Amino acid sequence: MEDSKLPMALRSNLLDLFGQIEREFENLYLENIELRREIESLNERLAGEGQTVDGGDLSKGALKTKASHSTSQLSQKLKTTYKASTSKIVSSFKATTSRAVCQLVKEYVGHRDGIWDLSVTRTQPLVLGTASADHCAMLWSIETGKCLLKYAGHAGSVNSIKFHPTEQMALTASGDQTAHIWRYMVQLPLPQPPADISASLDDDVDFSDKDEADGEADGPNECPTVRVASTTLRSHQGVVIAADWLVGGKQVVTASWDRAANLYDVETSELVHTLTGHDQELTHCCTHPTQRLVVTSSRDTTFRLWDFRDPSIHSVNVFQGHTDTVTSAVFTVGDNVVSGSDDRTVKVWDLKNMRSPIATIRTDSAVNRISVSANQRIIALPHDNRQVRLFDMTGVRLARLPRSNRQGHRRMVCCSAWNEENQACNLFTCGFDRQAIGWNINIPALLQEK
């Protein structure tokens, strides 16, 4: 230990943590010994009670009742004691079982820098879109993992991507202080033969061992590039961090580091409203799937709900439930908003009663751009610590996506996006390891485990 190159403060902290771990295991070990003694004692009592009936038939009622009563006492005692002693290590068993219901299907590699955001088209053909710090957005074939189209019209990091509800148009927000609307046409490649799927998965997993994705994959270099937007939305004085389509697709909302959100008319590119009130930079914006509602998130620890259902007036409500940056707030199908924060919590809110959350999820790492599945309303939490966890709306943890040296994200996970129309690949995540990942989540099995 004397030869250690670690600073004294770090060494001391490590030794303290290891000491705590050792004490925890020591307590579990002692509890285990005590439990064994109790089991032996209860077994002896049970055996003794069984012998008190001299020459009795084991199937007779008196002995059967007595034995079953003692057995139920033993069962209850063991249940109670084991619940208390094993709750700390149950998560390791959950991680093992979750591998069966959460499987990595495909990796999408080709960006030259971290991927901030991703989403799936809402019209056929279904393709995956990614937004990257390399100044590009890319469209991918979900099945083959090949790049179908690259958008290179921005002069800064592309921070978000969202697709029009009915037309083949994409909306991207950028560090160049603009949002772009651009049209796309893609031709899906023919599906690969079934025999090749496992082989290609092995290749992808091997590739993920590399420390850095080199961005030299064949796909992105071959795919066509769009360089000019059909509409450019200007007027922000800072980075545009996110943008989304309002229901119907005739208007869009943008969120910026200039502390404002802007509402634009798509056809004319005109600024319709400037939404002010946040005290610090905005981090995200989201629109309701069926109503003219917008939610904006900010570094000021709040998120705001803007109501445009009445054309003559727009109201605003402020949600104050976090203690650090709100990284995203999203609508569910129904009357809920789910918010995630750098304070390591996710909160579920009822739009009809916004004073306090109806559920709070506490985690061990900052939470980035969350996503809620439409049908079963499962929340996917992408974390700074490279993990992705799944929870239900009541705050019950359902699973953690498998992560190891051979698969999963190797850097901060920035965003998650559900896509329940594709059975084979129904959840996507992306991160600062320059890759997006498609997962198969067996939702019925996941809910059954709960």
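This passage describes the largest pocket, two sheets, a repeat annotation and the salt bridges of a predicted model.

Residues are numbered from 1 along each chain as its sequence is written. Because the model is predicted, local features need pLDDT of at least 70 and side-chain atom pairs count only at pLDDT 80 or more, whereas totals for chains, interfaces and linings use all residues, and side-chain values use heavy atoms, with hydrogens and water left out.

The largest pocket (an open set of points on a 1 Å grid over the protein atoms alone, where a 1.4 Å probe fits, with protein on both sides within 12 Å along at least five of seven lines) holds about 930 Å³ of space, a volume being the space filled by probe spheres set on the points. Its lining, made up of residues with an atom within 4 Å of a point, comprises 37 residues, of which Arg122, Lys162, Ser371, Val372 and Trp418 lie nearest the centre. By class, 19 of the lining residues are nonpolar, 10 are polar and eight are charged, with Gly counted as polar and Asp, Glu, Lys and Arg as charged. Several strands (DSSP runs of E, at least two residues) each supply at least two residues of this lining, among them S2 (115-120), S6 (158-163) and S27 (413-418).

Strand S6 also belongs to an open sheet of four strands in the order S6-S7-S8-S10, with antiparallel pairing, where two strands pair if DSSP finds at least two bridges between them. The edge strands of this sheet are S6 and S10 (231-233). Strand S8 (residues 179-183) is joined to S10 in the antiparallel sense over three bridges, and Ala179 has Leu233 in S10 as its bridge partner. UniProt, in an unreviewed entry, places the feature "repeat: WD" at residues 151-182, 233-274, 275-316 and 319-359, although such annotations may be inferred rather than shown by experiment. Over residues 151-182 the chain is 0% helix and 53% strand, with the end C-alpha atoms 8 Å apart.

Strand S27 takes part in another open sheet of four strands, ordered S1-S29-S28-S27 with antiparallel pairing, and its edge strands are S1 (102-109) and S27. Seven bridges join S1 to the antiparallel strand S29 (residues 435-441), and Gln103 has Asn440 in S29 as its bridge partner.

Eight salt bridges (a side-chain nitrogen of Lys or Arg within 4 Å of a carboxyl oxygen of Asp or Glu) are found in the whole structure. One of them links Arg37 with Glu34, the closest N and O atoms being 3.4 Å apart, and both residues lie in helix H1 (residues 8-51), three residues apart, about one turn of the helix, a helix being a DSSP run of H or I of at least four residues.
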